[in-house]
Every structure is written in C-alpha cells, then in structure tokens.
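Subject: The structure for you to look through

Hello,

Here is the structure I promised to pass on. Please open it first, then read my notes beside it.

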Amino acid sequence: MGQVLVEDKEIVAPGQVIATGMDCIPGKGTYRDNEEIIASTLSIMTVDGNVFKGIPMNGRYVPQEGDRVIGRVKDILMSGWKIDLNSAYDAMLPLKNASFDYIERGSDLTKYFALEDYLSVKITGVTSQKLVDITAKGKGLRKLDEGRIIKVNPQKVPRLIGTRGSMISIIKKALDCNIFIGQNGYAWIRGEPEDEVKAIKAIRKIEREAHTAGLTERISEMLEA
C-alpha cells in the first residue's frame, strides 16, 4: 500500500514528494518518479482517493475550447474586434460571431462593441498556434453594461465558483447582485454600490483562503454580519 504524505488542500512546493507507492496515481500538477508522486508546481494539492492533483497557485490563463470568459475590446479592425482575454493570447471576434444581426463589412463597429467594452464570450476553438476563436452569440453572451470588472487569480476560479456554482450562489443570494466570473480571471459584478463592494470583499477573501477548510461557512457568516 502507498503512503500519502500531504493533507487534502495542502499547499505544496515544486519537487515535494506527495505520496509513495505504485497504487497512487499522479494527476495534473504532479508526476511519477519510480515509487514517488512529486509536485511539479507551487499548488494546492487535492487528494481524491488515490489520485493527486495540483491546482496551481500562480500562472496566466491558457485558453481552452468551451470556456466562458470575459474579454476586453482592445482594437477594432475591418473584420471584427481584437479581444484581450487576460492571457498571453488575444482572440478575434469576427463579424459573423458578434451578433445575430447581419453586420456589413465597413459598418461602424463601435455601434456594437467599442474600445474598452467588456464582453462575456465563449471560446469556440484554439489552434495549435494558439489562435483563439470566440463567439458572442449564445445564452448569456453579451456586452457587460454597468457594474464593475475586477481581476482575480485564474487558478482560483474553480474555488470562487464552487461545486455546481455553490460558492458564487451564496454571494448572489446574500447581496442580490449579478455576478459572472470568467474562466480567464475577469469577474463582473453589478448591483447596488454597497453590495458590489461587499461582493468584492467576499471574492478577495475566497481568493486568499481558497486552500483552507470551512471557507463556505466563513463566507456565509461574513455576508450575514
């Protein structure tokens, strides 16, 4: 039988031995070296039975097909919009994917999306050269009017959202805010100004304490105070 050398949600360093034994299975953020499972990055280690996965503590967002993200319009071209995804790679939003309306080439594209607008979009494809295709056509995909945009650690997004959206639902219900957290680490919050501030404080607390137990209860207590 193998031996587990870390606790679930423990922060581990690159090169740290996580477990020993051939019945232990390395997942993302870990690798096997003979009998040992070793962390490859600074991460929060999750232990699921005999499977070990590391959630990186740092790192930029890497676009993946199917992700719902928030993008910022950084340039307008004849063929569409160049979109910043808070990543090393920008995306192109072509005319045909911007609206269910037909947009003629040469139209004033600022009528649809202007510079510095933020949009909720979906990644439809990523090539081997890291060219990213996106669409703004679909349920919940649109320009994000009003509200606030903040940056969060992309690696903490799963914890911010929670299992089946549980964590973010707690904040939405307590504060009556609209909140959308893109997989790329941009978050949009819209509500009454004081509720937006409280939502941001809750999100920052989750970021800081993502690796700790009992976080859901602490967030609920914070919002009820």
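Is Asp 33 buried, partly exposed or exposed? Asp 33 has a relative accessible area of 38%. Buried would need under 20%, and exposed would need over 50%. Asp 33 is therefore partly exposed. Keep in mind that this is a predicted model.

**Around Asp 33**

Asp 33 belongs to a negative surface patch. The other members of the patch are Asp 23, Glu 35 and Glu 36. Find Asp 33 in strand E5, which covers residues 30–33.

E5 has a partner, strand E6 (residues 36–39). The two strands are antiparallel and share four bridges. Here are two of the pairs to look for. Thr 30 has Ala 39 in E6 as its bridge partner. Arg 32 has Ile 37 in E6. Two residues lie between E5 and E6, and the strands form a hairpin. Look at Asn 34 in the turn: its phi is positive, about 55°.

**Two open sheets**

E5 and E6 are part of an open sheet of four strands. Read across it, the order is E1-E3-E6-E5, and the pairing is antiparallel. Which strands stand at the edges? They are strand E1 (3–4) and E5. Each has a single partner strand, so one side of each has no neighbour in the sheet.

There is another open sheet of four strands, in the order E2-E7-E8-E4. Its pairing is mixed. Strand E2 (10–12) and strand E4 (25–26) are the edge strands, and each pairs on one side only. Strands E7 (residues 43–48) and E8 (residues 51–56) run antiparallel, joined by six bridges. To check the alignment, find Ser 43: Pro 56 in E8 stands opposite.

**Strand E9 and its partners**

Next, go to strand E9, residues 68–77. E9 pairs with strand E12 (residues 118–126) through five bridges, and the two run antiparallel. One pair to find is Ile 70 with Ser 120 in E12.

E9 also pairs with strand E10 (residues 80–84). Again there are five bridges, and the strands run antiparallel. Val 73 has Ile 83 in E10 as its bridge partner. How many residues does the hairpin between E9 and E10 pass through? The hairpin passes through two residues.

**Salt bridges**

How many salt bridges does the model hold? The count comes to nine. Three of the pairs follow.

Asp 84 forms a salt bridge with Arg 72. Their closest N and O atoms are 3.3 Å apart. Asp 84 is in strand E10 and Arg 72 in strand E9, twelve residues apart. Both Asp 84 and Arg 72 are buried. They also belong to a network of salt bridges, together with Glu 116.

Lys 74 and Asp 90 make a salt bridge too, at 3.1 Å from N to O. Lys 74 is in strand E9, and Asp 90 is in the loop between E10 and strand E11 (91–94). These two residues are 16 residues apart. Lys 74 counts as partly exposed because its relative accessibility is 37%. Asp 90, at 27%, is partly exposed as well.

The side chains of Arg 148 and Glu 196 meet in a salt bridge at 2.6 Å, N to O. Arg 148 sits in strand E15 (residues 148–151), and Glu 196 sits in helix H3 (residues 193–208). The pair therefore ties together parts that are 48 residues apart in sequence. Arg 148 is partly exposed, at 33% relative accessibility. Why does Glu 196 count as buried? Glu 196 counts as buried because its relative accessible area is 7%, and the cut-off is under 20%.

**One last residue**

Finish with Ala 187, found in strand E17 (residues 186–190). Ala 187 is buried, at 0% relative accessibility. Then find Val 69. In sequence, Ala 187 and Val 69 are 118 residues apart. In space, they are 8.9 Å apart, C-alpha to C-alpha.

Best wishes

Key
Residues are numbered from 1 along each chain as its sequence is written. This is a predicted model: local features need pLDDT of at least 70, side-chain atom pairs count only at pLDDT 80 or more; totals for chains, interfaces and linings use all residues. Side-chain values use heavy atoms; hydrogens and water are left out. Patches are made of residues with over 30% relative accessible area and no salt bridge: like charges are joined within 9 Å, nonpolar side chains (Val, Leu, Ile, Met, Phe, Trp, Tyr) within 5 Å. Accessible areas come from the Shrake-Rupley method with a 1.4 Å probe; for residues, only the protein chains shown count as cover. A salt bridge is a side-chain nitrogen of Lys or Arg within 4 Å of a carboxyl oxygen of Asp or Glu. Lys and Arg count as positive and Asp and Glu as negative; His and the chain ends are not counted. The place of a charge is taken as NZ of Lys, CZ of Arg, CG of Asp or CD of Glu. Buried means under 20% relative accessible area, exposed over 50%, partly exposed in between (1.4 Å probe, protein chains only). Two strands pair if DSSP finds at least two bridges between them.
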